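Student: Hi! I've got a structure open on my screen and would love to talk it through with you. Can we start with the chains and go on from there?

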Protein chains: 2
Amino acid sequence: MSIREVAARAGVSPATVSRVFTQPQAVASETRRRVMTAAEELRYAPHPAASSLARGRTGNLGIVVPDISNSFSALVTKAVDRQARRDGYALFVAGSDEVVHDEEASARALAQQVDGLLLVSPGMPNDALLALADVTPVVMLNRLLDGIPAVLTNLYEATSHAVEHLHALGHRAVTYLAGPDGYPNDVRLRGFRDACSRFGVEGSELGPFAARFQDGIRAADLVLATSVTAVVAYNDEIAVGVVNRLADRGIAVPGDISVVGFDDTQLAEMVTPRLTTVRIPAAVAGTTAIEMLLDLVRGRDVGLRSPLEVSGELVVRSSTGPARSLPDPDQESAP
Amino acid sequence: MSIREVAARAGVSPATVSRVFTQPQAVASETRRRVMTAAEELRYAPHPAASSLARGRTGNLGIVVPDISNSFSALVTKAVDRQARRDGYALFVAGSDEVVHDEEASARALAQQVDGLLLVSPGMPNDALLALADVTPVVMLNRLLDGIPAVLTNLYEATSHAVEHLHALGHRAVTYLAGPDGYPNDVRLRGFRDACSRFGVEGSELGPFAARFQDGIRAADLVLATSVTAVVAYNDEIAVGVVNRLADRGIAVPGDISVVGFDDTQLAEMVTPRLTTVRIPAAVAGTTAIEMLLDLVRGRDVGLRSPLEVSGELVVRSSTGPARSLPDPDQESAP
DNA sequence: ACTGTTTCTGAAAACGGTTTCATAGTGTCT
DNA sequence: AGACACTATGAAACCGTTTTCAGAAACAGT
């Protein structure tokens with residue numbers, strides 16, 4: 001059932017039928033009614049591909065995330081999906097399994113079927129990104145590249161707060177568990193290092209680790225091989241892995257070692273002890289990114305409007321506590 | 001840059017260019033080479049909408065899940081995405097936030113842009129489903145409806161095992177925390193009831209609960225208002241919520257109350273104590289569903305091939321243990 | 001009654017591919 | 001050398017909308 005059959009049945013031209021569906025006010029109400037009934041009787045529904053072809057836009061948006069089952073990605077995706085739908089767009093989701101090659105392929109495939117693309121923590125090289133942005137409007141989340149609008153999470157301050165917090169609890173040797181290469185470690189790392197030197201904390205780094213539970217497990221043993229009393233993990237999933245493994249090895253959290261995560265996904269409240277973590281406003285970031293993307297799509301050139309930053313905040317829960325006074329083991333009767 | 005410009009530059013007809021991209025072996029290698037270089041120089045990429053229109057298929061599949069951030073959905077989606085990509089399809093994902101109306105709308109919107117649709121635990125009414133299946137090939141996961149191929153999770157046996165397990169541990173009063181209405185509670189419930197009566201366990205039910213952590217929290221207090229010593233929760237997220245709340249109220253798991261979940265998502269291994277849970281092979285289910293869907297799409301009419309069932313299995317971890325001998329409080333010196 | 005606006009509708013040309021059908025060219029077999 | 005089968009290509013129709021452009025109809029103003 002095409003537009004023509006509807007037209008025939010309603011005794012009008014195809015053009016009129018098209019208008020009924022795209023700019024109803026432009027057609028006389030009587031005619032409109034006739035067309036509508038004809039359409040309903042024929043159970044006509046417009047053909048999106050034909051429409052896309054003719055108008056030059058698809059009405060779809062796309063998002064590429066590193067890992068669909070990662071809880072931060074999920075949070076973002078959910079917010080994005082909701083916002084996209086609210087604006088009348090459907091959402092394509094592609095996961096790359098953290099494989100850069102897949103990510104590029106997915107992105108390119110999607111690029112041609114959508115009006116705009118949101119890339120979350122993309123790992124692909126700069127030139128690939130620019131090439132992509134050449135094909136379709138692109139907004140990035142968590143990566144900065146000249147000429148491509150982006151939403152960034154500014155965690156410098158929040159990371160400082162985390163170190164400050166640990167320092168106040170008496171920790172003097174802290175290690176940062178870095179996320180995967182190409183992920184937004186830099187700001188956190190800078191915040192971490194700066195804060196360490198500012199507070200006189202001995203800061204070290206381990207990694208990179210994949211942003212997953214299993215890698216947290218692995219990380220824990222590496223941590224225990226050092227003599228730090230606190231760790232700051234790239235994300236909650238790693239942090240939870242660390243906590244688990246430490247528990248298995250009989251190390252108390254926060255009794256012996258304190259752990260800080262990032263993201264404040266629901267996970268943080270689910271585990272024991274509840275995770276002290278840097279909250280990243282994923283939903284806000286996702287929603288904002290979509291708004292930027294739609295501005296782009298609609299031609300309002302926000303391209304050079306400086307990248308938006310959303311900032312994190314430290315949420316203190318139970319996985320951080322006073323440092324065990326390791327350097328002074330005699331002192332049995334602490335306050 | 002359309003196919004015609006490539007054709008002009010390569011000195012061939014548009015038809016030939018099209019063939020180069022769709023059935024390369026049908027064109028002489030010399031010609032093919034010429035076309036390829038021309039295409040590259042022009043940075044030509046085929047226009048999916050045009051192609052969809054002409055061929056009558058889109059090369060896309062769609063999946064509608066109740067909640068993108070639900071860990072079981074995420075597992076399924078991930079597997080589905082991978083399998084779809086492997087078969088050369090891109091995947092549309094839509095979340096319905098568990099709102100039936102949104103689900104219907106999403107599904108219908110998607111239906112026209114994809115070659116096939118996978119519905120995960122759909123909550124929409126039968127006639128809506130049938131109408132949808134009339135428009136596009138549909139496979140359902142976790143719901144059975146005559147005429148629509150489906151992949152079902154048969155958890156009857158696994159649920160029985162859960163009850164058997166609890167019974168063996170000495171539990172005599174167990175409650176089932178039901179998931180949301182319209183979700184696949186029935187088989188589990190049947191398995192639960194049958195097993196209870198078989199083993200002489202007093203089985204009760206609470207709910208429905210949304211399949212989320214928060215509802216688990218809520219459920220815990222309801223559980224404590226009864227005198228059961230064990231609960232079987234609709235999914236891991238609810239189970240974790242229960243465990244958390246119980247801990248907050250000073251109830252030991254499994255010391256005082258044992259908890260069993262469903263799904264065996266990664267969550268189960270992340271929490272303390274690790275969750276005894278019924279593993280549902282989400283990846284297998286998702287992959288299988290996609291294969292069925294593709295069979296459908298390609299016209300091999302598997303429509304009436306009986307719905308496929310994947311079965312669960314009980315994974316015993318640490319959230320279940322011997323029942324506290326409540327009815328006999330004198331007995332202080334238990335073995 | 002005549003011109004000037006509006007409002008509504010239709011004809012036809014895109015949009016960018018795919019595919020059928022016919023034709024030219026090449027090679028094979030007797 | 002002639003008949004026959006392939007193979008490689010091109011011309012043109014088609015997929016289902018949208019949109020421009022122009023004309024018809026209705027209406028207003030003088």
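Tutor: Sure. This is a predicted model. Chain A superposes on chain B with an RMSD of 0.3 Å, after a rotation of 180 degrees and a shift of 0.2 Å along the axis. The two copies are thus related as by a two-fold rotation axis.

Student: And what share of the contact residues of chain A recur in chain B?

Tutor: 100% of them, so to speak of one surface is fair: the same surface serves both copies.

Student: How many residues does the contact take from each chain?

Tutor: There are 33 residues from chain A and 34 residues from chain B. On the side of chain A that touches chain B, the elements that each supply at least two residues are α4, α5 (71–86), β2 (90–95), α6 (100–111), α11 (236–248) and α12 (267–270) of chain A.

Student: Which of them gives the most?

Tutor: That's β2(A), with six residues. By class, this side of chain A has 21 nonpolar, ten polar and two charged residues.

Student: OK, switching to the DNA. Which residues are closest to DNA strand D?

Tutor: A:Ile3, A:Ser18, A:His47, A:Ala54 and B:Thr31 are the closest, out of 26 residues that surround DNA strand D. Both chains take part: α2 (14–22) and α4 (48–55) of chain A, and α2 (14–22) and α4 (48–55) of chain B, each supply at least two residues of the surface near this strand.

Student: Where does the largest share come from?

Tutor: From α2(A), which provides six residues of the surface near DNA strand D. That surface divides into 16 nonpolar, eight polar and two charged residues.

Student: And which residues come nearest to DNA strand C?

Tutor: A:Thr31, B:Ile3, B:Ala15, B:Ser18 and B:Ala54, from the 26 residues around DNA strand C. Here α2(B) gives the most, with six residues. The class counts near DNA strand C are 16 nonpolar, eight polar and two charged residues.

Student: Let's move to the sheets. What is the strand order in the open sheet of six strands in chain B?

Tutor: The order is β7-β6-β8-β9-β10-β12 (chain B), and the pairing is mixed. At the edges are β7 (202–206) and β12 (313–315) of chain B, each of which pairs on one side only. From one strand to the next, the twist averages 20 degrees.

Student: How do β9 and β10 of chain B run, parallel or antiparallel?

Tutor: They run parallel, with four bridges joining strand β9 (residues 258–263) to strand β10 (residues 276–279) of chain B. If you want a pair to look at, B:Gly261 has B:Thr277 in β10(B) as its bridge partner.

Student: Which helix touches β6, β7 and β8 of chain B?

Tutor: Helix α10 (residues 213–224) of chain B packs on the sheet there, and its direction makes about 135 degrees with that of β7(B). Helix α8 (residues 156–168) of chain B lies across β6 (173–177), β8 (230–233), β9, β10 and β12 of chain B, at about 40 degrees to β12(B).

Student: What about β3 of chain B, is it mostly covered or exposed?

Tutor: Strand β3 (residues 116–120) of chain B is mostly covered, as five of its five residues are buried. In a regular strand the side chains alternate between the two faces of the sheet. For β3(B), B:Gly116, B:Leu118 and B:Val120 lie on one side and B:Leu117 and B:Leu119 on the other, and these are all buried.

Student: Which residues are bridge partners along β3(B)?

Tutor: B:Val64 has B:Leu119 in β3(B) as its partner, and B:Leu117 is matched with B:Val138 in β4(B). Strand β1 (residues 60–65) of chain B pairs with β3(B) in the parallel sense over four bridges. β3(B) and strand β4 (residues 138–141) of chain B also pair in the parallel sense, over four bridges.

Student: Last one: where is A:Leu169?

Tutor: A:Leu169 sits in the loop between α8 (156–168) and β6 (173–177) of chain A.

Student: Why does A:Leu169 count as partly exposed?

Tutor: Because A:Leu169 has 16 C-beta neighbours inside 10 Å, and the partly exposed class lies between 12 or fewer for exposed and 20 or more for buried. Beyond its neighbours within four places in sequence, A:Leu169 is in contact with A:Ser258, A:Thr320, A:Gly321, A:Pro322 and A:Ala323. The C-alpha atoms of A:Leu169 and A:Arg324 are separated by 9.5 Å, although these residues are 155 residues apart along the chain.

Conventions. Residues numbered from 1 in each chain as written. Chains lettered and ligands numbered in written order. Predicted model: local features only at pLDDT ≥ 70, side-chain atom pairs only at ≥ 80, totals over all residues. Pairing = 2+ DSSP bridges. Axes fitted to C-alpha atoms, helices over the stretch in contact; angles between N-to-C directions. Contact = placed C-beta atoms within 7 Å. Least-squares fit on C-alpha atoms with pLDDT ≥ 70 in both. Near = placed C-beta within 6 Å. Nonpolar A, V, L, I, M, F, W, Y, C, P; charged D, E, K, R; others polar.
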